[in-house]
Amino acid sequence: MPGSSKRSVSLLLLLAYFPQITGCSKTSRVEPARVEAGGNEPVVGVTRLGGEQVRFDAPGSLGQDSVYGQIGGSSRAVPLDSVEKIWVVRGGVMQRVKPSQIRTVGERVVGATTLDGRDLAFDKAGAGGYVRADTVFAVMNGEPLLLPLDQVQRLWIRKTDAAKSALAVIGVLGGALLVTVAIAAATKESFPFVYSWDGTQYVFDAEPYGGAISRGLERDDYARLENLRPQEGFYKLLVTNEVNETQMTNQMELWVVDHAPGVSVLPDVRGGLHLVSNPVPPASARDHQGRDLRSWLERTDRVIWEPLAVADSGGGMRDEIVLTFPKPRGADRARLVSNVATGIWGSHMIRAMLQLRGREVDAWYARIDGGQHSRDSLLAWDLREELYHLLIDVREPDGWQTRGVLPGGGPFIAEDRVVPLDLSKVEGDSVRLRIRPARGFWALNSFALDFGEEGPVKVDTLRPYSGKDARRGDVLSEIASSDDRYYAMPYTGDYGHVAFRAPAAVAGSERTVLLHARGYYRLHLPIGGDPDTAMLRRLGEVPGAAGQFAAEQFSQWQVAGR
Ligand SMILES: [Ca+2]
Ligand SMILES: [Ca+2]
């Protein structure tokens, strides 16, 4: 970054903070802090030299020499040298970081997945990889590597927080369509982050209860904590709110399973645990355009199939992927083992669709919280569109039959999840499964089928031993059980520590620890105006309209980012 623009940026003061906790129209001021280019904070407007106030329609962004935002529906760039003050919302609504600015936000590129599905892991020595202009600069296998961004499908970013001793490696979409905004959505739109103490640091390990955007949608979530290790007899978790929302945790407990080595213990969506010993990858995986997706979907790795929210060559916003697995003779049931997350754009669409309700969003929340009928129709709509639930169809003699449902999750951590499948009507020596994900809403990592025998799973349930919020102190009684008491984290930056007494290890067995968490969250939305009733009606009544809306929003966002 040229010195002049950096200097002008550092002169700009952060002046405002809008705590839109419940959509109330309260604006308050907090202590000034510096705005960093590429920082977390979306720009709501600027004060120009001479005092003119400019307020953007939607959060804008700070570029190298201009502030970008929308005014009256059209994109504007306000040159920094004409700006006196920048107004930002603290917390990440949507972060746009220019490639040239990635190093200024303390992130390091540790790898890249290319558009053709290669996983490149950069050498860890030195400062790690970084992005400048349209190129990733890194060292791999001791050799310098220059990788054009338009060959990148996903960048892997290492984020550290020294104060909390926390580490997270997350994947963000890159690629030709996003060159000018190469790091998109580095802040997410939902779900608390849970970090596991691994003996030396906290490592990002779970994102519970995604999609539970109001109390009526509160749900249980089950996630393996692969990084958790006991220390001095305790398992320790760090829970953080890193996004612009209020997170409400009702309950946290650990499930400890000591089991035979070499077996995986995996949860289904209802919290049933399954012993999986021999998951078989698909023999073939093809989409409706004939693309071979097997190398993307055959194992859980950094090669993740995530179509952008752009129509395919036929104008469609739904993909259709058929997975074929060999079937042992006589097998009449199997367990689908999937590793699937909500896509980055799909995660963002939760916010975009809520914002359509404008000032009436609280009335919508009240309906969802107050009545099963409203919740049922929301779920029915979601199942029709397959935005946050994915139907698993099985090919039977009389056609495709839906035999399972897979919920979204993530978007930054996808859990392995089991879907028990009835195959009693499947004929022949193979099983064909079909999924029809809405484009932009899904990040598909892997699918496998396990035909092994089920056995009983013995679970040791651990209630929390201590729970301390960094600001409020003791929260143990709030997370101890599922009731009407919640551990609330209303502000971005809130965090707390939860500890559990670790049972002694069992000789000769392997241990799997799962987090069972229950809760919900509320997004902090901008002060609402008139609801967009025409669009809301279209989304509700017209099949496929939600996918079209996502594509329109994506297209507008790309234009605004240029
Ligand atoms: Ca509780
Ligand atoms: Ca994969």
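This is a conversation about how to read a few features of a predicted model.

Biologist: Let's begin with confidence. What pLDDT does the chain average, and where does pLDDT stay under 50?

Modeller: Since this is a predicted model, that's a good place to begin. The chain averages a pLDDT of 82, and 81% of the residues score at least 70. One stretch where pLDDT stays under 50 is residues 1–40, for which the model has 73 contacts beyond four places in sequence. Another is residues 90–106, with 59 contacts of that kind.

Biologist: And the overall make-up? How many helices and strands are there?

Modeller: The chain comes to 8 helices and 37 strands. It has 562 residues, and buried ones make up 43% of them. If you take contacts between residues at least 6 apart in sequence, 72% join residues at least 24 apart.

Biologist: Now sheets. In what order do the strands of the open sheet of 5 strands come?

Modeller: In a regular strand the side chains alternate between the two faces of the sheet. Here the order is S24-S25-S30-S27-S28, with antiparallel pairing. Strand S24 (284–287) and strand S28 (399–407) are the edge strands, each pairing on one side only. From one strand to the next, the twist averages 25°.

Biologist: How many bridges join S24 to S25?

Modeller: There are 4 bridges between S24 and strand S25 (residues 321–326), and the two run antiparallel. To find your way in on screen, pick Asp-287, which stands opposite Ile-321 in S25.

Biologist: There's also an open sheet of 3 strands. Which strands are its edges?

Modeller: That sheet runs S29-S26-S31, again with antiparallel pairing. Its edges are strand S29 (416–422) and strand S31 (442–450), each with pairing on one side only. The twist there averages 25° from one strand to the next. Strand S26 (residues 333–342) pairs with S31 over 8 bridges. Two handy landmarks are Val-337, whose bridge partner in S31 is Ala-448, and Ala-341, whose partner in S31 is Ala-443.

Biologist: So S31 is an edge strand. Is S31 mostly covered or mostly open, and how many of its residues are buried?

Modeller: Mostly covered: 9 of its 9 residues are buried. Pairing and burial are separate readings, and S31 shows both: it pairs on one side only, yet it is mostly covered.

Biologist: Let's try S20. Why is S20 described as largely enclosed?

Modeller: Count its buried residues: 6 of the 7 residues of S20 are buried, so the rest of the structure largely encloses it. Then look at its partners. Strand S17 (residues 193–197) is joined to S20 by 4 bridges, running antiparallel, and Phe-193 stands opposite Thr-240 in S20. Strand S36 (residues 495–501) is joined to S20 by 7 bridges, also antiparallel, with Phe-234 opposite Arg-501.

Biologist: What comes after S20? Where does Val-243 lie?

Modeller: Val-243 lies in the loop between strand S20 (234–240) and strand S21 (245–259). Don't read "loop" as "exposed" here: Val-243 counts as buried because 23 other C-beta atoms lie within 10 Å, and the cut-off for buried is 20 or more. Val-243 is also a nice example of sequence distance against spatial distance: Tyr-491 is 248 residues away in sequence, but 8.1 Å away in space, C-alpha to C-alpha.

Biologist: On to helices. How many residues has H5, and how far does H5 reach?

Modeller: An α-helix has 3.6 residues a turn, so residues three or four places apart point the same way. Helix H5 (residues 372–385) has 14 residues and reaches 20 Å from its first C-alpha to its last, close to the 20 Å expected at 1.5 Å a residue.

Biologist: Which residue takes a positive phi just after H5?

Modeller: Most residues other than glycine have a negative phi. Just after H5, Glu-386 takes a positive phi of about 55°, although it is not a glycine. Glu-386 lies in the loop between H5 and strand S27 (389–396). With 22 other C-beta atoms within 10 Å, Glu-386 is buried.

Biologist: And Tyr-209? What is its phi, and is Tyr-209 buried or exposed?

Modeller: Tyr-209 has a positive phi of about 40° and is not a glycine. Tyr-209 lies in the loop between strand S18 (202–206) and strand S19 (219–224), and it counts as buried because it has 25 C-beta neighbours inside 10 Å.

Methods: Residues numbered from 1 in each chain as written. Chains lettered and ligands numbered in written order. Predicted model: local features only at pLDDT ≥ 70, side-chain atom pairs only at ≥ 80, totals over all residues. Pairing = 2+ DSSP bridges. Axes fitted to C-alpha atoms, helices over the stretch in contact; angles between N-to-C directions. Expected span 1.5 Å × (residues − 1). pLDDT = per-residue confidence, 0-100. Contact = placed C-beta atoms within 7 Å. Buried ≥ 20, exposed ≤ 12 C-beta atoms within 10 Å, placed from the backbone.
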